[in-house]
Amino acid sequence: VLFSEFFAANAGSATGVTREPPLQWAIAVGNLSLAALLTLAIMSRARSATIIEGFKIAGLVGFLVWLGVDFIHYGVANVLNLTATIVDPLLEFVHAGTAGAAIAGVLGKVTASARGESRPM
């Protein structure tokens with residue numbers, strides 16, 4: 001929503017591809033799947049990640065996932081132009097990074113409470 005004007009201005013030549021109204025359940029399933037991937041990436045570290053590390057790890061994972069998806073999509077469809085194809089993964093770095101920071105914060109609290117200690121943020 002925040003960048004809808006940017007993506008409208010950088011749309012490809014395809015028409016009729018936007019679903020109106022969007023299927024919120026499908027968006028939720030996709031977001032849960034990506035959250036599971038980010039959680040797996042953060043938890044795969046030998047030690048528990050800080051909020052900043054969670055932001056960096058998840059941001060990088062989100063960036064790499066969307067860079068791949070967007071360029072493959074760009075190669076086979078006319079949904080976005082090259083500018084939007086490049087900008088979208090950069091925006092996803094912030095989106096996924098924010099989610100990763102929250103995930104790392106929650107995982108840190110869960111881990112610390114399981115050990116019976118408090119963990120500074």
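**Figure 1. Glu53, a buried residue of helix α3.** With a relative accessibility of 19%, Glu53 counts as buried, because buried means under 20% relative accessible area. Please keep in mind throughout these views that this is a predicted model. Glu53 has its place in helix α3. A polar atom of the Glu53 side chain lies 2.9 Å from the backbone nitrogen of Thr50. What else is Glu53 in contact with, leaving aside its neighbours within four places in sequence? Here you can look for Arg45, Arg47 and Ser48.

**Figure 2. Helix α3 from end to end.** Now let us follow the helix that holds Glu53. Helix α3 has 26 residues, and the way from its first C-alpha to its last is 37 Å. That reach is close to the 38 Å expected at 1.5 Å a residue. Which residues of α3 are buried? They are Glu53, Gly54, Ile57, Ala58, Gly59, Gly62 and Asp70. Two of these names come back below: Gly62 in the view of Leu37, and Asp70 in the lining of the largest cavity.

**Figure 3. Leu37 of helix α2 meets two valines.** Leu37 sits in helix α2. Is Leu37 buried or partly exposed? Its relative accessible area is 34%, so Leu37 is partly exposed. Leaving aside neighbours within four places in sequence, Leu37 is in contact with Val61 and Val65. For a sense of distance, try going from Leu37 to Gly62: the two are 25 residues apart in sequence, and their C-alpha atoms are 9.1 Å apart in space. Gly62 is one of the buried residues of α3.

**Figure 4. Phe6 of helix α1 and its contacts.** This view moves to helix α1, where Phe6 lies. At 25% relative accessibility, Phe6 counts as partly exposed. Which residues does Phe6 contact, once its neighbours within four places in sequence are left aside? They are Thr83, Ala84 and Val87. If you also pick out Leu91, you will find it 85 residues from Phe6 in sequence, with 12 Å between the two C-alpha atoms.

**Figure 5. The loop between α1 and α2.** Two residues are worth finding in this loop: Ser13 and Pro21. Ser13 has a relative accessible area of 59% and is exposed. Along the chain, Ser13 and Asn78 are 65 residues apart, yet their C-alpha atoms are separated by 5.4 Å. Pro21 brings another detail to the loop: a cis peptide bond joins Glu20 and Pro21. The omega angle of that bond is about -5°.

**Figure 6. The largest pocket.** The next three views turn to empty space. Rolling a probe the size of a water molecule over the atoms shows where such space is left. The largest pocket has a volume of about 1400 Å³. Its lining is shared among several helices: α1 (4-9), α2 (24-43), α3 (51-76) and α4 (82-115) each give two or more residues. In total, 29 residues line this pocket. Which of them lie nearest its centre? Look for Val1, Phe7, Ile27, Trp66 and Asp88. By class, the lining has 18 nonpolar, 6 polar and 5 charged residues.

**Figure 7. The second largest pocket.** This pocket has a volume of about 160 Å³ and is lined by 12 residues. Nearest its centre are Met43, Ser48, Ala49, Leu107 and Thr111. You have already met Ser48 as a contact of Glu53. Helices α2 and α4 each supply at least two lining residues. Which helix gives the largest share of this lining? That is α4, with 4 residues. Sorted by class, the lining has 6 nonpolar, 3 polar and 3 charged residues.

**Figure 8. The largest cavity.** How many cavities of 30 Å³ or more does the structure hold? There is 1. The largest cavity has a volume of about 50 Å³. To find it, look for its lining residues: Asp70, His73, Tyr74, Ala77, Val79, Leu80 and Thr85. Helix α3 contributes the largest share of this lining, 3 residues. By class, the lining has 4 nonpolar, 2 polar and 1 charged residues. Asp70 links this view to Figure 2, as one of the buried residues of α3.

Notes: Residues are numbered from 1 along each chain as its sequence is written. This is a predicted model: local features need pLDDT of at least 70, side-chain atom pairs count only at pLDDT 80 or more; totals for chains, interfaces and linings use all residues. Side-chain values use heavy atoms; hydrogens and water are left out. On a 1 Å grid over the protein atoms alone, a cavity is a set of points where a 1.4 Å probe fits but cannot get out, and a pocket is an open set with protein on both sides within 12 Å along at least five of seven lines; lining residues have an atom within 4 Å of a point. Grid points are joined across faces, edges and corners, and a volume is the space filled by probe spheres set on the points. Ala, Val, Leu, Ile, Met, Phe, Trp, Tyr, Cys and Pro count as nonpolar, Asp, Glu, Lys and Arg as charged, and the others, Gly among them, as polar. The expected span of a helix is 1.5 Å times one less than its number of residues. Buried means under 20% relative accessible area, exposed over 50%, partly exposed in between (1.4 Å probe, protein chains only). A polar contact is a pair of N or O atoms within 3.5 Å; within protein, one must be able to donate a hydrogen and the other to accept it, and residues adjacent in sequence count only if both atoms are side-chain atoms. Contact means heavy atoms within 4.5 Å.
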